[in-house]
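The following exercises are to be worked through with the sequence and the coordinates at hand. Each task is followed by a solution in steps.

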Amino acid sequence: MLKGFKDFIMRGNVVDLAIAVILGGAFAKVVEGFVAILMNLIGKAGGTPNFNSWNPGGIPVGPFLTSLVYFLIVAAILYFLVVTPMNRVAARRKAGVEESKAPSEEAAVLMEIRDELRIRRL
């Protein structure tokens, strides 16, 4: 039973997931700090970006608007700093993979040797 647990824990995808969660938490703090800077800049440019006290008709929509602005800033940061660069990297990798469809010179020689060995066995 413990061997199965050890195999599960040492599986690559579990370790990768653990690393991703830890890095995600660290990156979240970076994003929160950047959002705080942007919120302060928005506050200096157009007044306070905190809408928490706004209650038109007695309905407290201010906290929702503050959260919405925060969400939009976080989404923009993630899109422009993570998604867009990763899409560029993926496109470069895909272009590089498609260009090298022919086997390398070493692989061609190894395939010839393999084929010769198969013929000699028969």
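**Exercise 1. Surface and overall form**

How much area does the protein chain expose, and what percentage of it do carbon and sulfur atoms supply?

*Solution.* Step one: the model is a predicted one. Step two: the exposed area of the protein chain is about 10,400 Å², and 68% of this comes from carbon and sulfur atoms. Step three: set beside this the share of buried residues, which is 9% of the 122 residues. Step four: compare the radius of gyration with the globule rule. The protein chain has 27 Å, whereas a compact globule of 122 residues would have a value near 14 Å. Step five: the C-alpha trace spans about 90 × 45 × 25 Å along its principal axes.

**Exercise 2. Secondary structure and confidence**

Determine the secondary structure of the protein chain, and state which elements have the lowest and the highest mean pLDDT.

*Solution.* Step one: the count is four helices and zero strands, in the order α-α-α-α from the N terminus. Step two: the mean pLDDT of the protein chain is 83, with 93% of the residues at 70 or more. Step three: among the elements, helix α1 (residues 2–10) has the lowest mean, 77, and helix α4 (residues 105–121) has the highest, 87. Step four: for contacts with a separation of 6 or more, 42% join residues that are 24 or more positions apart.

**Exercise 3. The largest nonpolar core**

Identify the residues of the largest nonpolar core and the elements that give two or more residues to it.

*Solution.* Step one: the core has six residues, namely V31, V35, M39, I73, V74 and I77. Step two: the elements giving two or more residues to this core are α2 (12–46) and α3. Step three: consider the contacts of V74 beyond four places in sequence; V74 touches V31 and V35. Step four: as a general point, nonpolar side chains tend to be buried together in soluble globular proteins.

**Exercise 4. Two residues of helix α3**

Are G62 and T66 buried or exposed, and which residues does each of them touch?

*Solution.* Step one: G62 is found in helix α3, as is T66; this helix covers residues 62–99. Step two: G62 has a relative accessibility of 0% and therefore counts as buried. T66, at a relative accessible area of 15%, is also buried, because the cut-off for burial is under 20%. Step three: with neighbours up to four places away set aside, G62 is in contact with F51, N52 and W54. On the same basis, T66 touches P49, N50, F51 and N52. Step four: as a check on distance, G62 and L38 lie 24 residues apart in sequence and 19 Å apart in space, C-alpha to C-alpha.

**Exercise 5. An exposed valine**

Is V30 buried or exposed, and how many Å separate V30 from L110, C-alpha to C-alpha?

*Solution.* Step one: V30 is found in helix α2. Step two: the relative accessibility of V30 is 53%, so V30 counts as exposed, the cut-off being over 50%. Step three: V30 and L110 are 80 residues apart in sequence, and their C-alpha atoms are 49 Å apart in space.

**Exercise 6. The aromatic pair**

Classify the geometry of the Y79 and F80 rings.

*Solution.* Step one: the structure holds one aromatic pair. Step two: the ring centres of Y79 and F80 are 5.0 Å apart and the planes meet at 80°, so the pair is edge-to-face; the cut-off for this class is over 60 degrees. Step three: Y79 is partly exposed, at a relative accessible area of 45%, whereas F80 is exposed, at 56%.

Conventions. Residues numbered from 1 in each chain as written. Heavy atoms only, no water. Phe/Tyr/Trp six-rings, centres within 6.5 Å; stacked < 30°, edge-to-face > 60°. Buried < 20%, exposed > 50% of the residue type's maximum accessible area, 1.4 Å probe, protein only. Contact = heavy atoms within 4.5 Å. Core = buried A, V, L, I, M, F, W, Y, C linked by side-chain atoms within 4.5 Å. pLDDT = per-residue confidence, 0-100. Rg over C-alpha atoms; globule rule 2.2 N^0.38 Å. Areas by Shrake-Rupley, 256 points an atom, 1.4 Å probe, with all protein chains shown as cover.
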